[in-house]
Amino acid sequence: MMSRQRFWTECALALILASAAWQLRPHSTVTMGADLPATTPEMFAENDSEPPCPNEHPDWRAAQEIEGVAIDAALECEPDNPYDIAVAVKGVEGVSMRTLMQTQFAQDALTFGEDMDGDGDPDVVHLKLEVVELNGASPDGEFVIPGYRIAPGIQPAIWAFAPKSRDMALKNFRSTEAIAMLRAPSPTIRVEQGDKVYITLENTHYLPHTIHLHGVDHPWRTANGEDNDGDGDMPVYPGESKTYEIQPRHAGTMLYHCHVQTDKHLQMGMSGLFVIEENRPNNWLQTFNIGAGLVRHPSVAVRERYQREYDLLFQTLDKHLSAIVQRSNDPRVIAERMNRDYNITESLEHYYLLNGRAYPYTLRDAQLVVNSDEAIKLRVGNMQNAPLALHLHGHKVTATAQDGVEIPQALQLPRDVFDLATAQRADLLLSTVNDGLHSYGPGLWMFHDHVDRAVTTDGITPGGNMSFVAYQPLLNESGMPKDEHHAAMINYAFSKSYYNRNAQHSLWAKGEFTEALGKVAPIAPDYLQLMGFGLSLGAALGLLLHALTRGLMQREETQ
Amino acid sequence: MKRLLGVVILSGFSTIAMAMMDHSRMVMDEHGMIMNANPSQLPRDCREIFEEVHFEIRAGRQHAQKFPGRMFAFSAQQWRVKPCAKLNITFINDDPIRHQFMLHGLPGYLYPDGMFHMELYGKGQLTASFIVPSQNKTYLAHCEVPQHMEKGMKAQLIVGEGSGDLPSIPGISAAARADAYPVAWSEWSVLSGLVAVLVGVLLPWALERWQRPSRR
């Protein structure tokens with residue numbers, strides 16, 4: 001028998017224990033007394049740091065002559081395959097089988113016709129482009145294929161035009177890495193003013209695409225009345241082929257891009273520079289500049305005025321858009337999610353690419369390697385979904401042309417920030433004459449888009465479209481800083497975990513700053529308090545249950 | 001090496017007899033290429049060619065039409081041969097873009113990188129042969145143009161008993177990493193579910209009622 005008094009006593013005790021439990025409840029954070037928690041210096045995981053330069057093809061860097069084509073030295077870590085350049089200059093039929101075998105060009109990728117003006121170079125050009133998806137989905141497992149890293153551990157899906165290739169798309173059967181020719185951005189295409197150019201789009205991709213020649217003189221319709229403007233409403237469907245025909249009368253730096261569902265396809269990476277060079281005698285051009293960057297066989301006109309020429313293409317990617325093609329392998333689902341679910345007006349760009357890569361990988365193939373007292377030509381295209389504020393540290397550069405149109409001499413002013421709206425181009429003269437205006441002297445000077453988020457990779461800095469104007473004497477033989485102190489300053493970014501938000505690292509925990517800027521040591525939970533909390537809460541519940549059940553039973557009995 | 005490569009029939013529309021360039025184990029011209037063809041050399045474990053078979057393998061968009069949600073495919077998704085068979089493959093590309101018939105896993109001493117490869121840069125056809133070893137094995141055949149295998153252009157060559165189906169072959173095997181599709185639930189589906197729950201709740205009472213007379 002339970003007395004009324006005992007019932008109430010148990011209830012009161014339960015209440016007291018419950019309030020004790022409340023006092024002892026565990027917290028996710030604690031405040032400290034006079035002494036703050038200790039510091040642990042947490043450094044990067046050793047295993048995922050990579051060598052700044054993998055040095056796969058050191059033989060590709062030297063100045064050389066292949067098939068009679070003079071190829072300038074490229075003193076960077078990862079220059080283009082010089083055999084690709086020989087084929088890009090002479091066409092597949094103009095090189096030996098031995099040379100062609102050193103490349104992965106298909107045997108109909110680039111062919112030249114007659115020399116119409118009799119000035120010693122071919123004036124009929126037929127080039128073929130395919131569409132490749134980098135870092136695409138695979139139904140065979142949790143990996144992306146063919147793999148292409150924009151920065152350590154970062155593999156968003158990218159679509160790019162690529163010269164028609166042959167054979168393996170992967171480095172070997174056991175690898176999922178793309179071959180060197182399959183990369184971002186789409187190659188810069190170079191033709192001569194007045195050339196008859198046939199551009200065939202062979203759509204190897206699983207969605208429709210076109211080629212729109214932005215700013216390039218082209219007739220609206222082909223000779224037989226078909227679309228020649230790359231109109232998105234008249235796309236080239238998967239497995240189909242279409243040839244665009246042009247004979248550009250005006251020279252300059254232009255663009256090409258896909259015009260199907262433009263808000264998605266441009267942000268997937270489908271753009272490249274299209275350069276029309278002035279017509280000169282014996283002007284054999286490097287028709288493809290794989291991955292943009294240094295032009296190792298510049299045109300006659302460029303050689304007259306400049307020591308070097310670089311193509312620089314700025315692009316942005318939206319990680320949510322990219323993820324659509326990685327999440328599903330069904331083209332129907334991909335098309336619907338892209339064209340109906342994705343909304344660009346509610347989205348932002350996450351990756352800022354310079355020639356298809358983000359810092360620190362831009363140091364491998366998108367440095368501007370220069371020497372003192374040189375004139376360097378930069379062809380800059382902004383294909384970002386945002387304005388570009390191009391800033392070169394240590395230099396003031398001069399725009400000589402904008403959107404492919406020459407700027408009158410009197411208006412050519414040196415500036416240290418060049419703003420380019422989306423799809424605009426500028427031809428810049430970078431002078432390395434140390435006069436305190438054009439150059440402040442040798443250095444490893446950064447250059448980047450000065451819009452703050454553009455120097456991040458998905459919000460992690462340093463990243464994005466940053467690279468160096470690198471004076472050659474300051475670089476080692478693999479194109480990385482010679483000075484060890486400087487090398488250490490960049491090496492930490494060559495690490496997967498640096499760009500992984502979930503892997504926490506203290507950036508500045510070095511030497512005497514370890515205690516002040518390191519990582520706060522984890523605070524051990526107070527188990528005594530936890531036990532007290534558990535016991536009092538448990539006892540409170542137990543007592544309450546006991547009192548209630550006993551009380552009820554007693555009621556039934558008395559009835 | 002020419003002897004090894006045997007007779008290579010070139011695509012039909014080239015009227016000029018284009019001599020395909022012979023580069024070690026490879027022949028190529030502006031229409032396509034063949035790598036590691038082997039019409040005569042026996043694998044070490046074969047005393048003789050056990051059977052000789054001819055396959056016409058077509059590649060293209062149209063062959064994927066019978067598989068919803070795939071973009072490219074071969075005309076067949078699997079072929080069966082006996083151990084030590086000689087295969088004469090006529091590879092036909094029905095599209096004006098590039099397709100490949102790339103076979104992996106062959107013995108490296110006869111086929112460098114374990115590969116037998118035929119590739120057509122556009123519409124056309126090629127013929128080449130190779131001989132398989134005696135072991136029971138399933139070989140991967142695919143097109144390595146980016147996303148072609150992933151979007152359907154994948155098949156298997158089963159020698160003898162084979163060694164099990166490869167994943168993600170249209171109409172033959174499920175994907176290792178399969179897409180999940182939404183189920184089209186409606187008000188009626190919810191209602192049916194609720195009715196089922198209600199019936200379930202009433203079931204004990206119904207059973208009790210039904211059993212009561214027998215207890216008496």
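This is a short tour of a predicted model, with something to select at each stop.

**Before you start**

Residues count from 1 along each chain as its sequence is written, and chains are lettered from A in the order in which they are written. Because the model is predicted, local features need pLDDT of at least 70 and side-chain atom pairs count only at pLDDT 80 or more, while totals for chains, interfaces and linings use all residues.

**Stop 1: chain B**

Select chain B and colour it by secondary structure. You'll find two helices and twelve strands; helices (H or I, at least four residues) and strands (E, at least two) are DSSP runs, numbered from the N terminus. The elements start with a helix, run through the strands and end with a helix. Of its 216 residues, 38% count as buried. Buried here means that 20 or more other C-beta atoms lie within 10 Å of a residue's own; exposed means 12 or fewer, partly exposed is in between, and the C-beta atoms are placed from the backbone.

Now pick out the open sheet of four strands, in the order β5-β4-β7-β10 of chain B, with mixed pairing. Two strands pair if DSSP finds at least two bridges between them. At the edges sit β5 (73-74) and β10 (124-131) of chain B, each pairing on one side only. Then zoom in on β4 (residues 51-60) and β7 (residues 85-93) of chain B: these two run parallel over nine bridges. For one bridge, click B:R58, whose partner in β7(B) is B:I92.

**Stop 2: where the chains meet**

Show both chains. The contact takes 32 residues from chain B and 40 residues from chain A; two residues are in contact if their C-beta atoms, placed from the backbone, lie within 7 Å. Chain B's side of it has 13 nonpolar, seven polar and twelve charged residues. For that split, Ala, Val, Leu, Ile, Met, Phe, Trp, Tyr, Cys and Pro count as nonpolar, Asp, Glu, Lys and Arg as charged, and the others, Gly among them, as polar.

**Stop 3: two helices of chain A**

Select residues 82-90 of chain A. This is helix α2, and nine of its nine residues are buried, so the helix is largely enclosed by the rest of the structure. Its cover includes β2 (64-66), β3 (69-71) and α3 (97-101) of chain A. Just after α2(A) comes A:G91, with a positive phi near 80°.

Next, try helix α6 (residues 319-327) of chain A, where A:L321, A:S322, A:I324 and A:V325 are buried. These residues cover an arc of only 140° around the axis (taken from the directions from the helix axis to the C-beta atoms), which puts them on the same side of α6(A). They pack against β5 (124-134), α4 (262-265), β15 (308-317) and α7 (331-341) of chain A.

**Stop 4: the core**

Click A:F274. Which residues does A:F274 touch, not counting residues up to four places away in sequence? They are A:I189, A:L213, A:V216, A:M254, A:L255 and A:Y256. A:F274 is also among the residues with the most contacts inside the largest nonpolar core, which has 171 residues. Such a core is a set of buried Ala, Val, Leu, Ile, Met, Phe, Trp, Tyr and Cys residues joined through C-beta atoms within 7 Å. Apart from it lies another core, of five residues, including A:A14 and A:L543.

**Last stop: A:L13**

Finish at A:L13 in helix α1 (residues 4-23) of chain A. With 15 C-beta neighbours inside 10 Å, A:L13 counts as partly exposed. Add A:L544: the two are 531 residues apart in sequence, with 8.7 Å from C-alpha to C-alpha.
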